Amino acid sequence: MTDKNTPVHPLDQAVALTPTDSGRWQGATSPAYANMVGPFGGTTGATLLNGVLCHEQLLGEPLSLTVNFAAPVADGDFEVVARPVRTNRNSQHWWIEMLQGGETVAFATAVTARRRETWASTESSFPEVSPASELSDASKEGRPRWTRNYDMRFVEGALMGEPHPHPDYPSRSRVWMKDQPARPLDFLSLSALCDAFFPRIYVRRPKLVPIGTVSLTTYFHATGEQLASVGTEPVLGVASANHFGQGFFDQSAEVWSPGGELLATTHQVVYFKE
């Protein structure tokens, strides 16, 4: 049981939902996770996922989440509506919307599932990197408010033209990340972390241009029990892009436990303006 005097973590405040009807909740944006325009997209996605996790008809655990950012999310109140559109024996498909002023500003599809023991293999490899304890937390000076909620220790690929040791992969970053203040890892925090990678265009070149994520998909490879075993330890993120051009670029990432388990993979397409 949580002590009533224990402060609520900023992430839990940001994704908190108050039920108003079956499948409907009220929430509000958090100043702690403010971005350049509107809230940090990771908390928007985690809030939509929370609508699924809070639903009385939930089956299993999250398997995938695709968030589409249809319009800028304004600071203030919003409504979340979630409904299962199909429930099978071991899987469930979801539709979730975030509304402001009666209009959809973000929407998502999700799949939850009951996992079972099967043959398993991971073809991606956990990279050899310096441990987080040997690296310093990156400076948050001049960066959006949401970055203060994360401890980020870059192995390579920091922002805006800082030296990059791998010229063949100029947009790649490898970074140890965790919530700040510390918070045990779960599906909500992992969902938000999957959007905590800085836009690849800012790693590729030292030029600030307006950007905005259009669509973000996350695949959860770990169970809730595996996430709980990570606790408050940092996870390793590896992010890169494949193509920039005609106003859009893609971004893919892996998130690993400190013990080398692949927890999630994520892919997004991002708009940029010049």
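The following legends describe close-up views of a predicted model.

**View 1. The largest pocket and the residues at its centre.** The largest pocket of the predicted model encloses a volume of about 850 Å³. Its lining comprises 37 residues, and those closest to the pocket centre are Asn35, Met36, Ile211, Gly212 and Thr213.

**View 2. Composition of the lining of the largest pocket.** Four secondary structure elements each contribute at least two residues to this lining: helix H2 (41-53), strand E9 (211-220), strand E12 (248-256) and strand E13 (262-272). Strand E9 provides the largest share, with 4 residues. By class, the lining of the largest pocket consists of 25 nonpolar, 9 polar and 3 charged residues.

**View 3. The second largest pocket.** The second largest pocket holds about 550 Å³ of space. Its lining is formed by 16 residues, and Arg115, Thr118, Ala120, His221 and Gln226 are those nearest the pocket centre. The lining of the second largest pocket divides into 5 nonpolar, 6 polar and 5 charged residues.

**View 4. A nonpolar patch on the surface.** Val214, Phe248, Val269 and Tyr271 together make up a nonpolar surface patch, and their combined accessible area is about 300 Å². Phe248, one of the patch residues, belongs to strand E12, an element that also supplies at least two residues of the lining of the largest pocket.

**View 5. Phe248 in detail.** Phe248 lies in strand E12. The relative accessibility of Phe248 is 39%, and this residue is therefore classed as partly exposed, since that class lies between the limits of under 20% for buried and over 50% for exposed.

Key:
Residues are numbered from 1 along each chain as its sequence is written. This is a predicted model: local features need pLDDT of at least 70, side-chain atom pairs count only at pLDDT 80 or more; totals for chains, interfaces and linings use all residues. Side-chain values use heavy atoms; hydrogens and water are left out. On a 1 Å grid over the protein atoms alone, a cavity is a set of points where a 1.4 Å probe fits but cannot get out, and a pocket is an open set with protein on both sides within 12 Å along at least five of seven lines; lining residues have an atom within 4 Å of a point. Grid points are joined across faces, edges and corners, and a volume is the space filled by probe spheres set on the points. Ala, Val, Leu, Ile, Met, Phe, Trp, Tyr, Cys and Pro count as nonpolar, Asp, Glu, Lys and Arg as charged, and the others, Gly among them, as polar. Patches are made of residues with over 30% relative accessible area and no salt bridge: like charges are joined within 9 Å, nonpolar side chains (Val, Leu, Ile, Met, Phe, Trp, Tyr) within 5 Å. Accessible areas come from the Shrake-Rupley method with a 1.4 Å probe; for residues, only the protein chains shown count as cover. A salt bridge is a side-chain nitrogen of Lys or Arg within 4 Å of a carboxyl oxygen of Asp or Glu. Buried means under 20% relative accessible area, exposed over 50%, partly exposed in between (1.4 Å probe, protein chains only).
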